[in-house]
Protein chains: 2
Amino acid sequence: MRAAILTFDGFNELDSFIASALINRVTRPGWSAAITCPTPVVTSMNGVRVERQQPLSFAAEADIVLVGSGVKTRDVVGDAAILEQLRLDPGRQLIGAQCSGALILSALGLLDGVPACTDTVTKPWAVEAGITVLEQPFHAVGNVATAGGCLASHYLAGWAIARGAGRAEAEAILHYVAPVGEKDAYLARAMAAIGPYLGAPAASAA
Amino acid sequence: MRAAILTFDGFNELDSFIASALINRVTRPGWSAAITCPTPVVTSMNGVRVERQQPLSFAAEADIVLVGSGVKTRDVVGDAAILEQLRLDPGRQLIGAQCSGALILSALGLLDGVPACTDTVTKPWAVEAGITVLEQPFHAVGNVATAGGCLASHYLAGWAIARGAGRAEAEAILHYVAPVGEKDAYLARAMAAIGPYLGAPAASAA
C-alpha cells in the first residue's frame, strides 16, 4: 500500500515525519510512505526545507492519506486550488489527520457527523468549523481517523499499518520505535488507543 | 542557547526531527535548533531530501549538540574528515546522542567510562565499540546524555531543554506535544526518565 503524507508549508516536523517513518518500516512489498506536497520544496514551521517525494495529485492515487499539521493549515483550507486536488475517497482509502489536519478533512466534508481529535491550539478553530472535538488522542470511524497531540502521530500511523497490514505488523513496528526499557508499556498504551478502532478487517487481508 | 542536531545521510527522521522540533518550541531569546549536516543536502533512510540549516562546523559553536541516528552511522564513525570537525567539549556544551549516535560519541572519546543507551539494532555494534549498554531509555553523566529507541528522542530533547532552560520549560513543552487525554501520564513518564539526571543546576540559570 502506498501512503501519501500530506505536508504543507509551515508544517510541523513531528506530524509528517513520525507518520512517514513508521509506515516506511513496513517491509511488505508495495508498502511505502511519501512526503506529498503542493510545491517541489516545503518549509517547516522551524525553517527546515524538505523536497517533496510526491506531488499533491498523488493523494488521489494513494491507498493511505495522512494529513499532517502545521502553522498554516488555515491557509490551506482557504486555498481552493489545493483542496480541488485532494480527491479523497474513504470508500477506497484509509484517511487520517494529525492535529490541525482535521481542519482539512472537515473542509473536504469528511468529518460530517464524525467527531474528531485535534490539538489544544487547533481546538477552537475546529469547533468554529463545526467539528465535534474529542478529549482523547485518537478516534476513527470506518476509514477516517484523527489524532490529537503531536506525539499521537504514532497512533495514527499504527492505525493505518494495522488496518492495511494487520495488527501484528503494527505491533512489531510500534514496539521497535518505542523507548528501550519501556517497549511493552508503550505498545500496550498505543494498542489501547487504536485497538477499539481496528474492527473493520476488510483492508487487513493484504 | 543554540542547538546543533547532527544529521547525516541515511538519517532516521524520528531521531533528528523530534529533537529539533521540541527544542525549537523554547521561545526564550536566543534558543534555536538547527539541522546540522556535512553536506548542503542530506537524504534520510527513507529517501527524504532535507537541506541543512547549519554546516558541521556549527557543532563546535553550539551550546547543545545532539547526534541523530541513521543507517549509515558506522560510515560516519569511519570518516576521519567528519570526526575531525566535531570538536565537542562537554565542559562547555550539553552533548547527547540518539540510538546509533552513541557510536559517534564513543568514537570521539566522550563515552569513556560512561555507560550509554542505544537501540536494539545498534546494541551489538555498541558493545563491540566498548560501550557499556544500558537497558533503559535515557541516561546522562554530567553534560553527556544518550537515549535508546526512536521515540525516546523526546527524553533527550527534554533533558537538553531542562538543563538549559529549566525543568518547568521542559515540562511545558513535553506536556504540549503529548497526546491529548494522556498528557499528564506522558509528562510523568518523561520526567521519571530524565529527572534523575537533572541534578546539575549550573546551566539552568538562563
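Which residue in β9(A) does A:Gly96 stand opposite? In this predicted model, the partner is A:Ala145. Helices (H or I, at least four residues) and strands (E, at least two) are DSSP runs, numbered from the N terminus. Residues are numbered from 1 along each chain as its sequence is written, while chains are lettered from A and ligands numbered from 1 in the order in which they are written. Because the model is predicted, local features need pLDDT of at least 70 and side-chain atom pairs count only at pLDDT 80 or more, whereas totals for chains, interfaces and linings use all residues.

A word on confidence comes next. For the complex, the predictor gives an ipTM of 0.95 and a pTM of 0.95. In chain A, pLDDT (the predictor's confidence in each residue, from 0 to 100) averages 95, and 97% of the residues score at least 70. Residues 202-206 of chain A stay under 50, and the model has eight contacts for them beyond four places in sequence; here two residues are in contact if their C-beta atoms, placed from the backbone, lie within 7 Å.

The sheet of chain A can now be followed strand by strand. Seven strands form an open sheet with mixed pairing, in the order β5-β2-β1-β6-β7-β9-β8; two strands pair if DSSP finds at least two bridges between them. At the edges of this sheet stand β5 (54-55) and β8 of chain A, each with a single partner strand, so one side of each is left without a neighbour in the sheet. Strand β6 (residues 64-67) of chain A runs parallel to β7(A) and is joined to it by four bridges, with A:Leu66 having A:Gly96 as its bridge partner in β7(A). Four bridges also join β7 (residues 94-98) of chain A to β9 (residues 144-147) of chain A, again in parallel. By contrast, β8 (residues 138-141) of chain A and β9(A) run antiparallel, joined by four bridges, and A:His139 has A:Thr146 as its bridge partner in β9(A). The hairpin of β8(A) and β9(A) has two residues between the strands, and A:Gly142 takes a positive phi near 60° there.

Helix α7(A) lies across β1 (2-6), β6, β7, β8 and β9 of chain A, and runs at about 175° to β7(A). Axes are lines fitted to C-alpha atoms, for helices over the stretch in contact, and angles run from 0 to 180 degrees between N-to-C directions.

Attention then turns to the meeting of the two chains. In total, 37 residues of chain A are in contact with 35 residues of chain B. On the side of chain A that touches chain B, the largest share, six residues, comes from α1(A). That side has 18 nonpolar, 12 polar and seven charged residues, where Ala, Val, Leu, Ile, Met, Phe, Trp, Tyr, Cys and Pro count as nonpolar, Asp, Glu, Lys and Arg as charged, and the others, Gly among them, as polar.

Helix α1(A) packs against helix α1 (residues 13-23) of chain B at an angle of about 165°, with their axes 9 Å apart. That makes α1(A) roughly antiparallel to α1(B), the term for angles over 145 degrees. Residues making the contact include A:Phe17 and A:Ile18 of α1(A), and B:Phe17 and B:Ile18 of α1(B). By class, this contact has eight nonpolar, two polar and two charged residues.

Conventions. Angles under 35 degrees count as roughly parallel, over 145 as roughly antiparallel, 65 to 115 as roughly perpendicular and the rest as oblique.
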